Amino acid sequence: MSIVRYLTHPQVQIDPDVPVPQWGLSPIGRTRTEAVAHAGWLANTTQLISSGERKAIETAAIIAGRLGIMIDIREAMHENDRSATGFLKPAEFEAVADQFFAQPHLSVRGWERALDAQARIVREAEAALARKRHGDVLFVGHGAVGTLLFCHIAGHPIDRAYDQPAGGGHVFAFTRDARHVLHGWRKMEEIGS
């Protein structure tokens with residue numbers, strides 16, 4: 001049975017003067033990723049598919065280097081488009097993110113609608129999985145679109161109740177063939193083999 005996992009990048013270096021898609025991993029995020037790259041649960045991974053954002057590519061590169069596999073970068077796996085607001089301070093960001101999930105059919109403050117972001121991430125994941133290669137698949141991406149993908153796979157409505165915990169570096173898993181959820185969000189350090 002092939003397993004598909006979706007991993008969100010861990011902590012990033014926040015810089016209000018740099019566009020969010022260009023943020024890289026923080027030292028903590030890099031250390032967490034380097035530690036988990038040796039985890040047994042990654043051993044059967046033969047495909048590593050990453051968003052084109054810098055923080056996702058950096059996460060994927062650490063893991064790919066350890067596994068000795070190539071990264072397939074899919075630009076359309078990016079986080080929900082929030083360029084209309086740019087950087088928001090944490091409290092304001094959380095409030096807008098709440099609205100994004102609560103009103104998926106609306107563009108909140110110019111953000112990409114949750115319905116559109118979900119359709120995009122599902123399309124990208126399904127296109128990658130249609131290749132039917134052997135082994136496990138690891139997607140490396142982002143919290144909001146990862147949550148939207150999880151909601152789709154699990155058959156849940158879009159709701160922030162299914163969002164990953166704060167801090168990033170979380171994984172959910174499902175079977176490739178049946179699209180059956182094996183587990184919801186767990187810290188990457190807490191995944192069993």
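For the purpose of describing a lining, Ala, Val, Leu, Ile, Met, Phe, Trp, Tyr, Cys and Pro count as nonpolar, Asp, Glu, Lys and Arg as charged, and the others, Gly among them, as polar. With these classes, the lining of the largest pocket in this predicted model consists of 19 nonpolar, 12 polar and 9 charged residues.

The volume of the largest pocket is about 1100 Å³. It is lined by 40 residues, of which Val-20, Trp-23, Glu-79, Arg-82 and Phe-93 are the closest to its centre. Two or more lining residues come from each of the elements α3 (90-102) and α5 (143-154). The element that gives the most to this lining is α3, with 6 residues.

Asn-80 is located in the loop between β3 (71-74) and α3. Its relative accessibility is 4%, and buried means under 20%, so Asn-80 counts as buried. A polar contact of 3.1 Å links the side chain of Asn-80 to the side chain of Arg-82, and Arg-82 is also among the residues closest to the centre of the largest pocket. When residues up to four places away in sequence are not counted, Asn-80 touches Phe-100, Trp-111, Glu-112, Ala-117, Arg-120, Ala-144 and Val-145.

A second region considered here is strand β1. This strand covers residues 3-8, and 6 of its 6 residues are buried. In a regular strand, side chains alternate between the two faces of the sheet. In β1, Ile-3, Arg-5 and Leu-7 point one way, while Val-4, Tyr-6 and Thr-8 point the other way, and all are buried.

Strand β1 is paired with two other strands. It is joined by 5 bridges to β5 (residues 170-175), and these two strands run antiparallel. Within β5, Thr-175 is the bridge partner of Ile-3. Another 5 bridges join β1 to β4 (residues 136-141), and here the strands run parallel. Opposite Tyr-6 in β4 stands Phe-139.

Arg-5 belongs to strand β1. Although Arg is classed as charged, Arg-5 counts as buried because its relative accessibility is 7%. A polar atom of the Arg-5 side chain lies 3.2 Å from the backbone oxygen of Trp-41. Apart from neighbours within four places in sequence, Arg-5 is in contact with Trp-41, Asp-136, Val-137, Leu-138, Phe-139, Val-171, Phe-172 and Ala-173.

Methods:
Residues numbered from 1 in each chain as written. Predicted model: local features only at pLDDT ≥ 70, side-chain atom pairs only at ≥ 80, totals over all residues. Heavy atoms only, no water. 1 Å grid on protein atoms, 1.4 Å probe; cavity = no way out; pocket = protein on both sides within 12 Å on 5 of 7 lines; lining within 4 Å. Points joined across faces, edges and corners; volume = space filled by probe spheres on them. Helix = DSSP H or I, 4+ residues; strand = E, 2+ residues; numbered from the N terminus. Buried < 20%, exposed > 50% of the residue type's maximum accessible area, 1.4 Å probe, protein only. Polar contact = N/O pair within 3.5 Å; in protein donor to acceptor, adjacent residues only side chain to side chain. Contact = heavy atoms within 4.5 Å. Pairing = 2+ DSSP bridges.
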